[in-house]
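Visitor: Please take me through one part of this model at close range. I would like the sheet and whatever packs on it, then the surroundings.

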Amino acid sequence: MSLTVKELEEIQIAYPEYRTELVDGNIIIMSPSGYESEEVGTEFASLLRNWVRPRKLGRVVGSSAGFKLPNSDLRAPDVSFVRAERLKTSTEDYAELVPDLVVEVKSKTDSLDKLRDKIQEFINLGSQVGILINPKTRILEVSRSGENIIFKDGDILTLPDLLPGFKVVISEIWPPVFE
């Protein structure tokens, strides 16, 4: 049975405790992520938001924000950025557009291949940049149309085509260890 976003919304009203996505008409139930992956995602979102907001460049949201995509899927990346000129005011509903930047953070139950496929889907639909963060290996995979670059500790992530001047020291996104 193939569902629509409207039908999924009705299901979500009946079962609000479940986070879901709609892919090819099928419901994907999203389990809670592990603590480490959520901490990494929150840190990356914070760094991005702290760069974007004072410059009024756009909007940064976390994993609960859904996007109605042109292919009729409803997806929710772990972190998303949408340029200001593409979403001038926030919406109570799902955003009906493809984010400019999507970030997925691998948790222990995630498949790297499925996360890569999800990022590639966003890029195929119009996202400029997709980032896959793997806390276990401490690696970031940055994907653009036709290009993949690996970043690791000691590297500095920049996105000059999307966010000129934005810099993230890779080692700063990992959870601290308190002694």
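Guide: Start with a single pair. Leu-140 has Phe-151 of strand 10 as its bridge partner. This is a predicted model, so read every value here as computed from it.

That pair belongs to a longer ladder. Strand 9 covers residues 139–144 and is joined to strand 10 by six bridges. The two strands run antiparallel.

Now widen the view to the sheet. Six strands make up an open sheet, in the order 3-6-7-8-9-10. The pairing is mixed. Strand 3 (58–61) and strand 10 (147–152) are the edge strands, and each pairs on one side only. On average, neighbouring strands are turned by 15° against each other, direction ignored. As a rule, side chains in a regular strand alternate between the two faces of the sheet.

Two helices pack on this sheet. Helix 2 touches strand 3, strand 6 (79–83), strand 7 and strand 8 (129–134). The direction of helix 2 makes about 165° with that of strand 3. Helix 3 touches strand 7, strand 8 and strand 9. Its direction makes about 165° with that of strand 8. Strand 7 and strand 8 are thus touched by helix 2 and by helix 3.

Next, the largest pocket. Its volume is about 710 Å³. The lining has 31 residues. Nearest the centre lie Met-30, Glu-104, Asp-110, Leu-115 and Lys-118. Several elements give two or more residues to this lining: strand 1 (19–23), strand 2 (26–30), helix 2 (35–52), strand 7 (101–105) and helix 3 (112–125). Helix 2 packs on the sheet as well, and so does helix 3. By residue class, the lining divides into 10 nonpolar, 10 polar and 11 charged.

Further along the chain there is a hairpin. Strand 11 and strand 12 form it, with three residues between them. Strand 11 spans residues 156–159 and strand 12 spans residues 163–169. Four bridges join them, and they run antiparallel. Within this hairpin, Thr-158 stands opposite Lys-167 of strand 12.

Last, the whole chain. Its secondary structure comes to three helices and 12 strands. The radius of gyration is 16 Å, close to the 16 Å that the globule rule gives for 179 residues, so the chain is as compact as a globular protein of that length. Along the principal axes, the C-alpha atoms fill a box of roughly 50 × 40 × 30 Å.

Technical notes. Residues are numbered from 1 along each chain as its sequence is written. This is a predicted model: local features need pLDDT of at least 70, side-chain atom pairs count only at pLDDT 80 or more; totals for chains, interfaces and linings use all residues. Side-chain values use heavy atoms; hydrogens and water are left out. On a 1 Å grid over the protein atoms alone, a cavity is a set of points where a 1.4 Å probe fits but cannot get out, and a pocket is an open set with protein on both sides within 12 Å along at least five of seven lines; lining residues have an atom within 4 Å of a point. Grid points are joined across faces, edges and corners, and a volume is the space filled by probe spheres set on the points. Ala, Val, Leu, Ile, Met, Phe, Trp, Tyr, Cys and Pro count as nonpolar, Asp, Glu, Lys and Arg as charged, and the others, Gly among them, as polar. Two strands pair if DSSP finds at least two bridges between them. Axes are lines fitted to C-alpha atoms, for helices over the stretch in contact, and angles run from 0 to 180 degrees between N-to-C directions. Contact means heavy atoms within 4.5 Å. The radius of gyration is taken over C-alpha atoms; the globule rule is 2.2 Å times the number of residues to the power 0.38.
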